[in-house]
Amino acid sequence: MSVEETLVLVKPDGVARNLTGEILRRIEAKGYQLVDIKLVEASRELLGAHYAEHEGKPFYEPLVEFMESGPIVAIRVAGNGVIEGFRSLAGTTNPTSAAPGTIRGDLGRDWGLKVQQNLVHGSDSVESAQRELGLWFD
Ligand code: RTP
Ligand code: MG
């Protein structure tokens, strides 16, 4: 493991449900550092670039519309092995099957069948983290 940086997003459902503090608490309690943080109303252009790998998939349009539906908290987080570590804190994509103890497992809800409403995003590799941090912070 080495010291890395990752992009964490508190998605619009997390902000709307006032869970930003709880999510930040879990990141800090794990020992990771908050390097930069801001509230963003993301443009379609930014979201299109962020989710480019998912373009054309059936969930792409609902996902982008959801991400446009309200403010997002974008966080630059640093720590040893933080890319894998934050994804472990977040839990699996679908809150229904995410393990208890994880952000999605403890706090996620199924609002209808909208699996996109899963509270957080975390970069999935060193390359993704660099690319995404460049989009949201530079
Ligand atoms: P994220 O990128 O948000 O950290 O989540 P992830 O890696 O666990 O999931 P990914 O496969 O990258 O998908 C990105 C986001 O798209 C929504 N999604 N909906 N079947 C579906 O309806 C579906 N699959 C994915 C979720 O919001 C997921 O986080
Ligand atoms: Mg992903």
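This passage walks through a helix, a nonpolar core, a ligand shell and several individual residues of a predicted model.

Helix 7 is a convenient place to begin. Spanning residues 126-137, helix 7 contains twelve residues and reaches 16 Å from its first C-alpha to its last, close to the 16 Å expected at 1.5 Å a residue. Its buried residues are Ala 129, Glu 132 and Trp 136. These residues lie on the same side of helix 7, because they cover an arc of only 75° around the axis. The general geometry is familiar: an α-helix has 3.6 residues a turn, so residues three or four places apart point the same way. Glu 127 and Gly 134, on the other side of helix 7, are exposed. As for partners, the buried residues of helix 7 pack against two strands, strand 1 (3-10) and strand 3 (72-80), and against helix 3 (44-50) and helix 5 (82-90).

Leu 135 also belongs to helix 7. Leu 135 is classed as partly exposed, because 17 other C-beta atoms lie within 10 Å, a count between the limits of 12 for exposed and 20 for buried. Apart from neighbours within four places in sequence, Leu 135 is in contact with Leu 46, Ala 49 and His 50. The C-alpha atoms of Leu 135 and Phe 66 are separated by 19 Å, with their positions 69 residues apart along the chain.

The interior comes next. In soluble globular proteins, nonpolar side chains tend to be buried together. Here the largest nonpolar core has 26 residues, and Val 8 and Val 120 have the most contacts inside it. At least two residues of this core come from each of strand 1, helix 2 (20-29), strand 3, helix 5, helix 6 (103-107) and helix 7. Not counting residues up to four places away in sequence, Val 8 touches Ile 27, Ile 75, Val 77, Phe 86, Val 120, His 121 and Gly 122.

Of these contacts of Val 8, His 121 and Gly 122 reappear around ligand 1. The other residues surrounding ligand 1 are Phe 59, Leu 63, Thr 93, Val 115, Gln 116, Asn 118 and Asp 124. By character, this shell divides into three nonpolar residues, five polar and one charged.

Backbone torsions offer a further point of interest. Most residues other than glycine have a negative phi. Leu 119 has a positive phi, near 75°, and is located in the loop between helix 6 and strand 4 (120-122). Leu 119 is buried, because 26 other C-beta atoms lie within 10 Å. Asn 18 likewise has a positive phi, near 60°, and sits in the loop between helix 1 (12-16) and helix 2. Asn 18 counts as exposed, because there are 8 C-beta neighbours inside 10 Å.

Two further exposed residues lie in regular elements. Gly 21 is part of helix 2 and is exposed, with 9 other C-beta atoms within 10 Å. Gly 21 and Gly 56 are 35 residues apart along the chain, and their C-alpha atoms are separated by 34 Å. Leu 39, in strand 2 (residues 33-40), counts as exposed with 11 C-beta neighbours inside 10 Å. Leaving aside neighbours within four places in sequence, Leu 39 is in contact with Pro 71 and Val 73. Thr 96 is 57 residues from Leu 39 in sequence and 27 Å away in space, C-alpha to C-alpha.

Technical notes: Residues are numbered from 1 along each chain as its sequence is written. Chains are lettered from A and ligands numbered from 1 in the order in which they are written. This is a predicted model: local features need pLDDT of at least 70, side-chain atom pairs count only at pLDDT 80 or more; totals for chains, interfaces and linings use all residues. Helices (H or I, at least four residues) and strands (E, at least two) are DSSP runs, numbered from the N terminus. The expected span of a helix is 1.5 Å times one less than its number of residues. The arc is that of the directions from the helix axis to the C-beta atoms. Two residues are in contact if their C-beta atoms, placed from the backbone, lie within 7 Å. A residue is near a molecule or strand if its C-beta atom, placed from the backbone, lies within 6 Å of it. Ala, Val, Leu, Ile, Met, Phe, Trp, Tyr, Cys and Pro count as nonpolar, Asp, Glu, Lys and Arg as charged, and the others, Gly among them, as polar. A nonpolar core is a set of buried Ala, Val, Leu, Ile, Met, Phe, Trp, Tyr and Cys residues joined through C-beta atoms within 7 Å.
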